[in-house]
Amino acid sequence: MSEEATKYTLVNRDLLRTLMQRTGTGKRTTTRQLAADIGIAHGTIGGLLTGAVQVVPESTAVDIAARIGVDLLILFVPVCRANPAPLAIVTEASTA
């Protein structure tokens, strides 16, 4: 993954906790089971639920949302700009 990959932040910890009680399959999932299902450390899920983890890579956010059974933007929002602002070009004429 490149350093410029999009990161996502959880919209609402309580929402994730609620959705874990009844996933898209209708079954409950635990922190450990959710983590195991998507191949990440269970501490990442626990950290999202407590607020200790603030951002996750896009792939993790996508996998969590898919496993829970909701669209990505129901649970997460990107934390970087979709269209970065162009760099300002400073010329000698504009600094005089």
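Before I show anything, one term: I call a residue exposed when its relative accessible area is over 50%, buried when that area is under 20%, and partly exposed in between. Please also keep in mind that what you see is a predicted model.

Let me begin with the overall layout. The protein has six helices and three strands, and, read from the N terminus, its elements follow the order β-α-α-α-β-α-α-β-α. Of its 96 residues, 26% count as buried, and the protein exposes about 6500 Å², of which carbon and sulfur atoms supply 54%. If we take the contacts between residues at least 6 apart in sequence, 65% of them join residues at least 24 apart.

Now to the interior. In soluble globular proteins, nonpolar side chains tend to be buried together. Here the largest nonpolar core has 17 residues, and those with the most contacts inside it are Leu-16, Ile-64, Ile-68, Leu-75 and Phe-76. At least two residues of this core come from each of strand E1, helix H1, helix H2, helix H3 and helix H4. To take one of the core residues, Ile-68 is in contact, leaving aside its neighbours within four places in sequence, with Leu-16, Leu-19, Met-20, Thr-23, Gly-24, Thr-29, Leu-34 and Leu-75.

Two of those helices deserve a slower look, and I will start with H2, residues 31-38. Its buried residues are Leu-34, Ala-35 and Ile-38, and because they cover an arc of only 95° around the axis, they sit on the same side of H2. On the other side of H2, Arg-32 and Ala-36 are exposed. The cover over the buried residues of H2 includes H1, H3 and H4, and just after the helix Gly-39 takes a positive phi of about 80°.

H1 can be described in a similar order. Its buried residues are Leu-16, Leu-19 and Met-20, which cover an arc of only 105° around the axis and therefore lie on the same side of H1. The face turned away from that buried side carries the exposed residues Asp-14 and Thr-18, while what covers the buried residues includes E1, H2, H3, H4 and helix H5. At the N-terminal end of H1, Asn-12 acts as a cap, with a side-chain oxygen 2.8 Å from the backbone nitrogen of Asp-14.

That brings me to charge pairs, and the structure holds two salt bridges. In one of them the side chains of Arg-17 and Asp-14 meet at 2.9 Å, N to O; both residues lie in H1, three residues apart, which is about one turn of the helix. In the other, Arg-67 and Asp-37 meet at 2.6 Å, N to O. Since Arg-67 belongs to H4 and Asp-37 to H2, this pair ties together parts that are 30 residues apart in sequence. Arg-67 counts as partly exposed at 24% relative accessibility, and Asp-37 likewise counts as partly exposed at 38%.

Finally, which residues does Thr-9 contact, leaving aside its neighbours within four places in sequence? Thr-9, which lies in strand E1, is in contact with Gln-54, Val-55, Leu-75, Phe-76, Val-77 and Val-79. With Gln-54 there is a polar approach as well, in that a polar atom of the Thr-9 side chain lies 2.8 Å from the backbone oxygen of Gln-54.

Definitions and conventions. Residues are numbered from 1 along each chain as its sequence is written. This is a predicted model: local features need pLDDT of at least 70, side-chain atom pairs count only at pLDDT 80 or more; totals for chains, interfaces and linings use all residues. Side-chain values use heavy atoms; hydrogens and water are left out. Helices (H or I, at least four residues) and strands (E, at least two) are DSSP runs, numbered from the N terminus. A polar contact is a pair of N or O atoms within 3.5 Å; within protein, one must be able to donate a hydrogen and the other to accept it, and residues adjacent in sequence count only if both atoms are side-chain atoms. Contact means heavy atoms within 4.5 Å. A nonpolar core is a set of buried Ala, Val, Leu, Ile, Met, Phe, Trp, Tyr and Cys residues joined through side-chain atoms within 4.5 Å. Buried means under 20% relative accessible area, exposed over 50%, partly exposed in between (1.4 Å probe, protein chains only). The arc is that of the directions from the helix axis to the C-beta atoms. Accessible areas come from the Shrake-Rupley method with a 1.4 Å probe; for residues, only the protein chains shown count as cover. A salt bridge is a side-chain nitrogen of Lys or Arg within 4 Å of a carboxyl oxygen of Asp or Glu.
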